[in-house]
Amino acid sequence: MDSSAIDAIIEKYETKSSAILAILQDIQAKEKYLPKETLEYVGGKLQIPLNKIYRIATFYRAFSLNPRGRHEVCVCLGTACHVRGAQRIVDQMNLELGIRPGETTKDRNFTLETVNCLGVCAAGPVVAIDGQYFGKMSPGKVEGTVKKFRSEKPDKKEGLNGKA
Amino acid sequence: MGRLSSPQALEKVRDEILKKRDPHQPLITVCGGTGCHASGCHQVVDAFRKVLQEQAKSDGVGFRVTGCHGFCERGPLVVIHPQKIMYQRVKPEDVPGIFQETVLDGKVIESLLYEHPTTGERISTEEEVPFYKKQMRIIFGNNGSIDPTQIEDYIAVGGYRALPKALFTMKPEEVIREVKKANLRGRGGGGFPAGLKWEQCRNAPGDIRYVICNADEGDPGAYMDRSLLEGNPHSVLEGMIIGAYAIGSPEGYIYVRNEYPLAVENVGVAISQARDLGLLGKDILGSGFDFDVRVSRGGGAFVCGESTALMSSIEGNVGEPRAKHIHTVASGLWDRPTNLNNVETWANVPVIIDHGADWYSRIGTEGSKGTKIFSVVGKVNNTGLVEVPMGITLREIVYEIGGGIPDGKKFKAVQTGGPSGGCIPESLMNLTVDFDRLTEAGSMMGSGGMIVMDESTCMVDVAKYFMNFLKDESCGKCTSCREGTKRMHELLTEITEGRGTLDHIDLLEELGWVTMEASLCALGGTAPNPVLSTIRYFRDEYKEHILNKRCPAKVCRAFLKYRILSDVCSMCGRCAKACPAEAISGKVKKKKEKGIPFAIDETKCIKCGMCFESCKFEAVEVQ
Amino acid sequence: MIPFTMDGQPVEGKEGGNLLEVALDAGIDIPHLCYHESVKSYGACRLCLVEVVRHGRSRMTTSCTYPVQKDIEVHTRTEKVLRARRMIMELILAMCPGDKLIQDMALEMGIKEVRFKKEDKDCILCGLCARVCDEVVGAHAIQFASRGDRREMIPPFSGEAMNCIACGACVVACPVDVIRMKEEGDERTIVRWKRTLKMKQCKVCGNYFAPWFQVEKIREQAHLAKDFFDVCYSCRG
């Protein structure tokens, strides 16, 4: 991210060091993650030492220090969803995408996350992909739902279900 | 509408708004709450917009996307005024019909009405629906009438009437007295008397004090605060302004969870509209009182719901709680006197000031006045948000409002208070819900999350789930909390994976004790509750896992066996296709070929349950 | 000075002081790991728990963070306190079974067995290293990262601690001695933070006395002359 864009964000918050969370969130929203150089730059501008910035960036779940995938698949693990079988959705996602929560697929298409409650309990179990909610999920629906977000130009040989 | 410089100017605006609204004119309201979003209300909204645009007869027909109505199970929800006809589970294709038949011709579409589960009777108005009948929606009720992004709607339903009353006819101390008289207790879980807190904050030495709205609703399964902020943000704002006046604070913060982007947005719109009208900022309504508010977003940390951690977060630090030997009302945000209250607590304030403490204190019980909003979720028929007077029983909430357990299953427990609370079994369902009764039973009312569980819920698994949550959310500072939750989770994993011993139950209780006693904040202090309450009421289930290596609810995978009943198997092959471990073999029955019933190789089976899900003939048995 | 009682005896502490320092001064032994007089009390290890009776109510709290107040009764060895301390010690021992100090303290408390799966960590997460580095030295080289059971003490990005001046304060502060400092030839290394710095040589005695990076930083911050540190502390005296 170029420094003028970062400067604009910092200025939006009047260059206040207490606004560090909001500043990092705005950067995360644009870049999809927090690159090391950006954290160093922000620390310099706000006069916050790097050890504190790194602590903040790793304490809060909202931040990612690794590049995220194009699509974020978020499985809700709230209590209501858990009781309706959300863990099985996570396990099915493991199988479908080949990654565990927190990880990103090799082709950088998907990042899998779990969240502790999306607040959509009536439709549980819920999966949110890129902010779009899919309610009343079941392990059987996983493949079909994820399919919608697979690479726009599917390699014909690979087939739509990921199996050759 | 420019800046209003007096209460008279505000009343004039209110009159003008009301004059322009004819209550007899048809008005279509669609619930725009997040629950309905997930059910597809977008398409319903678009369909209505299309119909209204195209139809010539749509002149004079109002349309409004409102805040959450609460009956999330039945979304998308549409209410047609003035008859107040409620349609549920509306699909976009139903829309033209609704417009023609109901809005224009005044006829009711039976198939879209709520059907009484036992009598089969079709109920046409919201108030008659069993879900709403026992509720008392003094805080949440306006959601269905207003578009949260239009301040005029809030003013039209009587909003910002309490504010001028407080600013111009009451002294700050009188406002505090009224709130104390009403006995408003914190709705975030602590239950501390708000009026007393305000008074302590007002009297603390210092020249600047702050008010904070805690919207870091982190209890999984609780979304009341979200729906209030998204659906009626002005009710919270008005409460904060009144509170700030009473306390003498010029600056407030609303700390909203990072996972609630719509709430952040709607609160932001509300703040800017309030500022435009002079209801926020300098010299509010010409009273000489200055107050403004800022929105602060959380970073995805449950512990930031704890007041000192929240303040630490606003200051630009990690959310590590600090000791409260000196209370935050004396030294909080930036070491200045700070009053923090929950979203729902603030929303109660305008209602108390408007109607008076006497009126308010007639609702509820001796020690718990007013109403409480609960999220009733899980294994229950009528999932949604309910607002009831305190003193109602758990049974009434789960059965009469919640509609009982779906699929004919048997009730097992209701979890209240989130990760800080515990599970209440069937035998205690007559307990009245208020601040004190549930705590005696080993749980707590908490912020209002109520997760209903049935016979297919494993209580040991529930305890493990909560420990997994807590060990992840713990800030990690205190040895007792960090290691305590970690080890409790470890032990519960042993038990659910077949390696449990009876000693583990005793060890869990000991760990629970030290985690509770030795930790700094309420996260650690209440962390053991889910474990201790499930051991208290469901000890037999723990023993079953340990001694008989069996999970009665058939949840814990280590104890499950998947088997295909060969005489039921139709040999379609669906299960084998669905199996990710290639553990199922057999031969598909074709026209001219005999098939071989499918069978699962137990050594390869990973117990994912996909075969069970995919079989349309119920040939897969789970033991 | 503010008077109160501790274990029945009258004691007194200065305004703003904490109960633990009063106890240690009075010769009352309260086990502690994360407390050090050179830095602000943190209250992480939870070992220094005591029971404080105030206004008729008793609560268990860490003595290092509890402020000195008048008319309080402090009890340092009640059954409740001892039970809690023992469990916490057991938890720390389960986390860092190889640390000698932890083993000794556990033995002294009468802990004979660890009922949890032993891990092989060495850091007890007391935070003293970072607190000393931040509050006393001002180098800000290391801090806690992540939270919950993933909390750890590392330099930013787990790499080399680029702000570390290899002063060795953390080495001294660490109660379990898991931060090692090595000197080989003209290099000093703080092993745990992967920080190796070249040492400056005294123009007089020829000894390597301080890392270049460190002296340059001090020189810069204190606006000292370029040759200020050309002679080591011993030779200057």
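**A buried arginine and a shared interface in chains B and C**

In this predicted model, the side chain of B:Arg185 gets to within reach of the backbone oxygen of B:Gly367, at 2.8 Å. That's not its one and only partner on the list: the side chain of B:Arg185 also reaches the backbone oxygen of B:Gly191, again at 2.8 Å. As for where this arginine sits, look in the loop of chain B that runs between helix 8 (172-181) and helix 9 (194-203). B:Arg185 counts as buried because its relative accessible area is 14%, and the cut-off for buried is under 20%. Leaving aside residues up to four places away in sequence, B:Arg185 touches B:Gly191, B:Phe192, B:Pro193 and B:Ala194. The other residues it touches are B:Thr345, B:Gly367, B:Ser368, B:Phe435 and B:Asp436.

Zooming out to the whole chain, the domain assignment splits chain B into domain 1 (25-81 + 85-124), domain 2 (151-360), domain 3 (371-454), domain 4 (459-547) and domain 5 (561-622). Taken over C-alpha atoms, the centres of domain 3 and domain 5 of chain B are 39 Å apart.

Now for the meeting of chain B with chain C. Here 30 residues of chain B are in contact with 33 residues of chain C. The size of an interface is often given as the accessible area lost when the parts come together. For chain B and chain C that comes to about 2,900 Å², with 53% of it on carbon and sulfur atoms. On the chain B side, the residues that lose the most area to chain C are B:His325, B:Arg487 and B:Trp513, which together make up 22% of what that side buries.

Charges and polar groups turn up across this interface too. The rule finds nine salt bridges between chain B and chain C. One of the salt bridges pairs C:Glu119 with B:Lys486, whose closest N and O atoms are 3.0 Å apart. When it comes to polar contacts, the count between chain B and chain C is 18 residue pairs, both residues at pLDDT 80 or more.

Which helices of chain B each supply at least two residues of the side that touches chain C? They are helix 18 (459-473), helix 19 (479-496) and helix 20 (502-518). Helix 19 of chain B gives the largest share of that side, with nine residues. Sorted by class, the side of chain B that touches chain C holds 13 charged, nine nonpolar and eight polar residues.

Terms used:
Residues are numbered from 1 along each chain as its sequence is written. Chains are lettered from A and ligands numbered from 1 in the order in which they are written. This is a predicted model: local features need pLDDT of at least 70, side-chain atom pairs count only at pLDDT 80 or more; totals for chains, interfaces and linings use all residues. Side-chain values use heavy atoms; hydrogens and water are left out. Contact means heavy atoms within 4.5 Å. Buried area is the accessible area (1.4 Å probe) that two parts lose on being put together, summed over both. A salt bridge is a side-chain nitrogen of Lys or Arg within 4 Å of a carboxyl oxygen of Asp or Glu. A polar contact is a pair of N or O atoms within 3.5 Å; within protein, one must be able to donate a hydrogen and the other to accept it, and residues adjacent in sequence count only if both atoms are side-chain atoms. Helices (H or I, at least four residues) and strands (E, at least two) are DSSP runs, numbered from the N terminus. Ala, Val, Leu, Ile, Met, Phe, Trp, Tyr, Cys and Pro count as nonpolar, Asp, Glu, Lys and Arg as charged, and the others, Gly among them, as polar. Domain bounds come from an automatic or database domain assignment. Buried means under 20% relative accessible area, exposed over 50%, partly exposed in between (1.4 Å probe, protein chains only).
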